[in-house]
Every structure is written in structure tokens, then in C-alpha cells.
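Visitor: I'm new to reading protein structures. Could you walk me through one, feature by feature?

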Amino acid sequence: MQKNKAFTLVEIVVVIGLIVLTAIMVVPNLIEDNKKLDIISKWKHSYQNVEYVFQALNTQVTDTDKIAFKQAKNNDEKEILLYNLLNPYFRMKQAINVKSYKTHYLDGSPVKENDDYYITNLHVANSGKIVGVKWLNDNFDNNTLPFAILSVDLNGVNKPNKWGYDIFAVNVYSDRVEPIGKTDDEYLMKSDCSKKGKGLTCSYYYYIYGGKL
């Protein structure tokens, strides 16, 4: 007559250890995936709001406004004019000191002052998000080139303040806005929207593909 074999203490410890090890490996990835999905959802919602704002502006901007932009002495003055047009929609509360608000690319490298995506005109919106504007050039009559960039930090002043993680942006054209980072090279988008990339294509990549290709 065979005796029932009971689990030894060593076997129980080994099983528990494997379960714990699996949890350690899997749980952080699940948490990170949930964070990513939450960010993607927030960015898509924010983009729709931004798109609505500029659709409304296109019907309200007058010839006087356009003349004011053309007569502005420099890009700083133009950014202020654009900010004044956007303010009623975003309800800006206070300006952000760029010296205390440090931004980084997705790979962790800092955004430097001479970089294309270094934005100085930043304000905290009523929603808590940080909205930034950067003037590029006077392309009011050319809808193939953007004349400004509008950025949104979904976390506000809270870190990590990284492009492609909590900072996203749109190119502003004379007749529309589009997420920055648009390209026909899908592999390039996916590569840039990774921890080894700058994260600049994430605005388009997340909005169109939801982070998957």
C-alpha cells in the first residue's frame, strides 16, 4: 500500500519563491503598461481639446489680429499675442519659470536652450496642465508649414517632465493643428518613442496608433 507523499518544506519554499519571483518580474510591467495607457488616454483627450480650441480661434481671429502678429518685433511678442488669444480657453493662472521647470527628452537627456523644443513661454492652465507656446515663423498663408508649436505637460509641474512621457505637442498651421512627430517611417516613430529615443514622435505615434504598430 503506497503512502501519500506530502510536500516537503523545501518544495513549498521553492514554489513560493517562484511565485514571488514571477510577481516581481510581471507586476512592474503591468503597472508601467497601465501608466502608459492612462497617459495615452489623457493625451488623446487633451489633443481633442486643443483641436477644438484652434477650430474656434480660426473663426474668431480677425485681420487686425493677423496684422498685430506681422507688426510684432520679435518671436517673444508673437508668443505673447498667441498666448493672449489662447488664454480665454485654457484659463492660464501663472507663468512658469523655465529655470525651475527643467524638461528632458524620453532618454533622460536635458532639453537645451538652443534645441528646437526648448519652450520658454509656459503657463499653468486652470486644469493644472502646463501649456507652452513657441513661435516658429510667419506662415499664416502657407498651410504646409507650421507657424507655432503648442506643448502640453499632462502632469503639470510634477516630474518627470519628459517629452513623450508627460509632455506632448502639436504643430499649429494656418488651418489646423497636428501632433508633432508625424512621419511615414513607422519604425523610426516606434524607435524614437522608446526609452532610448527622444520621445518627440510620441505625440503622433500615441494619438494615431495608441503606442502599438
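Guide: We'll go through rings, cores and charges in turn. Keep in mind that this is a predicted model.

Visitor: Let's start with the rings. How do I describe a pair of them?

Guide: A pair of aromatic rings is described by the distance of the centres and the angle of the planes. In this structure the count comes to eight aromatic pairs. Take Phe 69 and Trp 135: their centres are 5.1 Å apart with 15° between the planes, and the pair is stacked.

Visitor: Where do Phe 69 and Trp 135 sit in the chain?

Guide: Phe 69 belongs to helix α2 (residues 63–71) and Trp 135 to strand β3 (residues 130–135). They are 66 residues apart, so this pair links distant parts of the chain. Both Phe 69 and Trp 135 are buried.

Visitor: Why is the pair of Phe 168 and Tyr 206 called tilted?

Guide: Look at the angle: the planes of Phe 168 and Tyr 206 stand at 50°, with the centres 6.1 Å apart, so the pair counts as tilted. Stacked would need planes under 30 degrees apart, and edge-to-face would need over 60. Phe 168 is in strand β5 (residues 167–172) and Tyr 206 is in helix α5 (residues 202–209), so the pair ties together parts 38 residues apart in sequence.

Visitor: Are Phe 168 and Tyr 206 buried or exposed?

Guide: Phe 168 is buried, at 0% relative accessibility. Tyr 206 is buried too, with a relative accessible area of 6%. Both rings also belong to one aromatic cluster, with Trp 43, Tyr 47, Tyr 205 and Tyr 207.

Visitor: Okay, now cores. What's the general idea?

Guide: In soluble globular proteins, nonpolar side chains tend to be buried together. Here, the largest nonpolar core has 35 residues, and Phe 54, Leu 86, Phe 90, Leu 150, Val 170, Val 172 and Tyr 206 touch the most other members. Elements giving two or more residues to this core include α3 (75–90), β4 (148–153) and α5.

Visitor: Which element gives the largest share of this core?

Guide: That's α1, with eight residues. As for Phe 54, its contacts include Leu 86, Leu 150, Val 172 and Val 177, leaving aside residues up to four places away in sequence. There's also a second, separate core of 16 residues, with Val 111, Leu 122, Ile 167 and Ile 180 among them.

Visitor: And the charges? How many salt bridges are there?

Guide: The count comes to five salt bridges. One of them joins Asp 38 and Lys 42, whose closest N and O atoms are 3.3 Å apart. Asp 38 and Lys 42 are four residues apart in helix α1, so about one helical turn separates them. Asp 38 is partly exposed at 38%, and Lys 42 is partly exposed at 39%.

Visitor: What about the salt bridge between Asp 138 and Lys 78?

Guide: There the closest N and O atoms of Asp 138 and Lys 78 are 3.0 Å apart. Asp 138 lies in the loop between β3 and β4, and Lys 78 lies in helix α3, so the bridge ties together parts 60 residues apart in sequence. Asp 138 is partly exposed at 40%, whereas Lys 78 is buried at 9%.

Visitor: Which residues does Arg 176 link up with in a network of salt bridges?

Guide: Asp 175 and Glu 178 are in that network with Arg 176. The bridge from Arg 176 to Glu 178 is 3.1 Å, N to O. Arg 176 also lies over the face of Tyr 173, at 4.0 Å from the ring centre.

How values were computed. Residues numbered from 1 in each chain as written. Predicted model: local features only at pLDDT ≥ 70, side-chain atom pairs only at ≥ 80, totals over all residues. Heavy atoms only, no water. Phe/Tyr/Trp six-rings, centres within 6.5 Å; stacked < 30°, edge-to-face > 60°. Buried < 20%, exposed > 50% of the residue type's maximum accessible area, 1.4 Å probe, protein only. Lys NZ or Arg CZ within 6 Å of the ring centre and 35° of its normal. Core = buried A, V, L, I, M, F, W, Y, C linked by side-chain atoms within 4.5 Å. Contact = heavy atoms within 4.5 Å. Salt bridge = Lys/Arg side-chain N within 4 Å of Asp/Glu carboxyl O.
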